[in-house]
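Open the model in a viewer and follow the stops below in order. Each stop names a selection and says what is there.

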Amino acid sequence: MRKNVLLLETVAEEALTVLQNNVNIFTGYDEASVTAALNNENIHAVITRGKGLINRPLMDACPHLEVVARCGVGLDNVDVAEATARKIMVINAPGSNAATMAEHTLSLMLMLMRNMYGSVFQVKQGNWNWRNQYAGDELNGKTLGVLGMGNIGKRVARLGEAFGMNVLYWGKSVQDLPYKYMDLEDVLRFSDVVSLHLPLNNETDNIMGEKQLGIMKTGALLINTARGALIDHAALLQALNAGTIAGFAADVLPDEPPLQSMDIVRHPRSIITPHSASLTAATYRQICLLTINNVVAVLTGKTPEPGSVYNREALQ
């Protein structure tokens with residue numbers, strides 16, 4: 001008997017084909033369609049990407065739920081604790097976006113350091129003489145401070161090193177790496193560029209506040225491709241306005257689409273992309289296929305890849 005899967009968001013075509021060949025699919029792209037699916041079928045799996053919430057009310061409505069999954073790495077929109085308490089497997093795609101996230105991080109870093117966005121804009125406006133007032137610098141010889149040395153942080157460090165940067169880092173533990181570990185405040189104090197690659201939790205929420213931003217070197221740059229809530233954006237705006245830091249680039253904001261953050265978005269010394277770092281064709285396909293293959297494995301009585309089951313140890 002084919003199991004029933006509720007899709008809260010679209011997935012890559014190849015991943016959708018895998019689902020179609022193995023399970024019954026119900027789409028819940030809005031509240032009405034979710035309600036219709038829950039009223040008519042017993043749902044055995046729920047799959048989301050970055051927006052659809054897998055929370056307690058949804059789990060209450062799915063008493064036969066076996067697995068919940070996110071096509072991605074972070075699980076901010078999945079109530080992992082509640083799923084674990086109900087013995088529901090939580091699947092994600094760890095490490096699948098490390099390469100593209102690191103590329104995007106370095107792209108933002110280069111654009112900000114070299115004032116590339118401003119240069120391109122001025123030339124498009126017909127102002128070739130912008131070159132006479134151009135002010136930019138280069139990554140070579142600068143110090144890069146990486147906060148969070150997971151898969152993405154390590155790749156960013158290697159790319160920074162390839163550009164001739166000296167790399168410092170801070171994280172939850174010292175690792176066997178060719179980079180110098182320092183306390184958070186020292187990394188902020190000595191870095192020309194600070195790049196955030198931390199998970200969002202009670203310990204890291206607003207970890208870059210007024211105090212931390214004030215410690216950063218005058219003229220330093222701040223890059224965030226992790227989670228918007230890692231930064232106190234009111235304090236960030238003050239730091240940008242005061243020139244305490246020279247620039248900010250991010251792919252994430254605490255409110256998406258931005259409302260309260262619009263002053264940051266419009267700031268002349270900021271570059272913001274629309275949470276698109278992992279939406280490259282290659283990574284989108286990889287993330288969706290990896291997640292869906294593991295969900296199908298669970299629903300067809302096979303064994304998913306061990307690393308894909310986020311709460312595996314808690315369920316044992």
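Start with the surface of the protein chain: about 15,700 Å² is exposed, and carbon and sulfur atoms supply 50% of that area. Keep in mind throughout that this is a predicted model.

Next, select the charged side chains. The protein chain carries 26 positive and 30 negative ones, and the centres of the two sets lie 5 Å apart.

Switch to a cartoon view. The protein chain contains 13 helices and 12 strands. Its radius of gyration is 22 Å, close to the 20 Å that the globule rule gives for 316 residues, so the protein chain is as compact as a globular protein of that length. Reduce the display to the C-alpha trace, which spans about 70 × 50 × 30 Å along its principal axes.

Now colour by relative accessibility: 48% of the 316 residues of the protein chain count as buried. Then turn to contacts between residues at least 6 apart in sequence; 60% of these join residues at least 24 apart.

For the last stop, select the cysteine sulfurs. How many disulfides does the count come to? The count is 0. Cysteine 71 is in no disulfide, and its nearest cysteine sulfur, that of cysteine 288, is 4.3 Å away. A disulfide here requires sulfur atoms within 2.5 Å, so the pair at 4.3 Å does not qualify. Seen from the other side, cysteine 288 has the sulfur of cysteine 71 as its nearest cysteine sulfur.

Are these two cysteines buried or exposed? Cysteine 71 counts as buried because its relative accessibility is 7%. Cysteine 288, at 0% relative accessibility, also counts as buried.

Technical notes:
Residues numbered from 1 in each chain as written. Predicted model: local features only at pLDDT ≥ 70, side-chain atom pairs only at ≥ 80, totals over all residues. Heavy atoms only, no water. Helix = DSSP H or I, 4+ residues; strand = E, 2+ residues; numbered from the N terminus. Rg over C-alpha atoms; globule rule 2.2 N^0.38 Å. Buried < 20%, exposed > 50% of the residue type's maximum accessible area, 1.4 Å probe, protein only. Contact = heavy atoms within 4.5 Å. Areas by Shrake-Rupley, 256 points an atom, 1.4 Å probe, with all protein chains shown as cover. Lys, Arg positive; Asp, Glu negative; His and termini not counted. Charge placed at Lys NZ, Arg CZ, Asp CG, Glu CD.
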